[in-house]
Amino acid sequence: MSAIYILWLRQVKRYVRSKPRIIASLGQPLLFLIALGFGFGPIFQRAGQGNYIQFLAPGVIAMTILFTAIFSGIELIWDRQFGFLKETLVAPVPRILVMIGRTLGGATVAMIQGVIVVAICFAAGFRITNVGALPIAILVMILVAVMFTALGTAIASVLSDFQGFQLVMNFLVMPIFFLSGALFPLTNLPKVLDVIASVDPLSYGVDGLRSALVGIAHFGIPLDLLVLSIIAAALLGTGSFLFSRIQL
Amino acid sequence: MIQVRNLVKAYGDFMAVKDISFDVDEGEIFAFLGPNGAGKTTTIKILTTLLKPTSGTVRLDGLDPTVQHNEARKRFGIVFQDPSLDDELTAYENMDFHGVLYKVPRKIRAERIESLLKLFELWDRRNDPVKQFSGGMKRRLEIARGLLHTPKIVFLDEPTLGLDPQTRNQLWTHVKKLNEEERVTVFMTTHYMEEADRVAHRIAIIDHGKIVAQGTSHQLKEQTGAETLEQAFLSLTGSTIRDEDATSVDQMRNMARMFRGRRR
């Protein structure tokens, strides 16, 4: 337990101390909110879909968690390159605990970042319509954070340097975000897009957040929570397995 | 304390370590010398559970590190060839992190961290982030950290690489002292022959994955009819220069170095 705690603490300390990183990582959600939120707002309204900021904000929150979580997981490559990983791998601690500690640390960082973005959305005019469902929203955020930190760790366990990182960003992380329904409603989509969106795990995260915070649902909260839990568990398992096979 | 029998490590067709055997006794300082790419670091990685051997047996204090990972890991401390500190954390936090991972009880942990940081003259800088430290300070901190959980064996993989003579001298003085006072077994590698000559009780010379000679410094000199250990080393390993291909890790480090240099 103490091993998990100290690994968690390390991730959180590193995050809190890198102020430039915190500020830089808030630029993107802010840009999405302003450019898309205010830019497409009038069209969205005219199409009879209501307030776009209300619709978009849960998507932007989910996006922030997705990116921060993936990066936290991929930080493992830095640790490998700059040697710190060896220090944890020669310690008398089962690797599964190392993996869990790292993942919880990364997920916590992603959660903090997500909460900051909630505040930014609030400043942009976003209002939570159902305060009672806030615990569900938090649960969804936690699941999304854990799921993608584990995915990042799994990827970093097989990549030995940053060469493949751009590939992962463009062919995995970006599609996960853009095809998830974070930006547009999932109703009346072309068949292909519909299928892709329904296998994209982030779709369920966005939908869960949107249902809980503003009451707009596509899949519905029970299905969202079920899918997120299963995928989070599966990715944690895969990540642990790949992590345990790292040889230096 | 360390027993290696017929150890082999192959990467595909390439044999990094070819059938080596040696023993290190308790309380001994054992130096492992060899040119670049001779198989020193590979051997250390196998002894410290980071790599699995292709064949052969290894024993640390009677334990098999390839099976009894965690028991074996408690028994040794290691200073790696390249840095392994967390630059964003302070010296004290790096020590504390290590102590928690090795389950050193809180009270003993605090006492040992204090005495080790004082011994290595880092106590005054304990609350500074490691990224502000010089190469020599980082090295000292890594050695202090490696000793925190009172290991029976300490592995030092080229610990003095890139350090000035003063720091090197001080570092070996500490190592000798620890070896004499706490009876820690030391397994070291270095490129500086005079260091091995000065501190090591016994020396093994490895080249192309094979041990070509082992014994005391005196025996090696006698065996080759050389005046100094350096001459003995050269006559055993030849004078051809070995170039290792840079790995992706080295390339990354070079890039990081260039990047930092430009900002400074």
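What radius of gyration does chain B have, and what would a compact globule with 264 residues have? Chain B has 19 Å, which agrees with the value near 18 Å for a compact globule of 264 residues; the radius is taken over C-alpha atoms, and the globule rule is 2.2 Å times the number of residues to the power 0.38. This is a predicted model, in which local features need pLDDT of at least 70 and side-chain atom pairs count only at pLDDT 80 or more, while totals for chains, interfaces and linings use all residues. Residues are numbered from 1 along each chain as its sequence is written, and chains are lettered from A and ligands numbered from 1 in the order in which they are written.

**Confidence**
- The model scores ipTM 0.87 and pTM 0.86.
- Chain B averages a pLDDT of 87, and 91% of its residues score at least 70; pLDDT is the predictor's confidence in each residue, from 0 to 100.
- Among the elements of chain B, the highest mean pLDDT (96) belongs to helix H3 (residues 91-101) and the lowest (60) to helix H10 (residues 248-263).

**Chain B overall**
- Chain B has 10 helices and 9 strands; helices (H or I, at least four residues) and strands (E, at least two) are DSSP runs, numbered from the N terminus.
- Along the principal axes, the C-alpha atoms of chain B fill a box of roughly 50 × 45 × 40 Å.
- Of the 264 residues of chain B, 41% count as buried, that is, with 20 or more other C-beta atoms within 10 Å of their own, C-beta atoms being placed from the backbone.
- In chain B, 66% of the contacts with a separation of 6 or more are between residues 24 or more positions apart; a contact has C-beta atoms, placed from the backbone, within 7 Å.

**Helix H9 of chain B**
- Leu229(B), Ala232(B) and Phe233(B) are buried in helix H9 (residues 229-237) of chain B.
- The buried residues of H9(B) fall within an arc of 100 degrees seen down the helix axis, so they line one face of the helix; the arc is that of the directions from the axis to the C-beta atoms.
- These buried residues of H9(B) pack against strand S3 (29-33), helix H7 (193-199), strand S8 (202-207) and helix H8 (217-224) of chain B.
- Just after H9(B), Gly238(B) takes a positive phi of about 80 degrees.

**Contact between the chains**
- Chain A and chain B each bring 24 residues to the contact.
- On the side of chain A that touches chain B, helix H1 (2-17) and helix H4 (84-89) of chain A each supply at least two residues, and H1(A) gives the most, with 7 residues.

Terms used
Contact = placed C-beta atoms within 7 Å. Buried ≥ 20, exposed ≤ 12 C-beta atoms within 10 Å, placed from the backbone.
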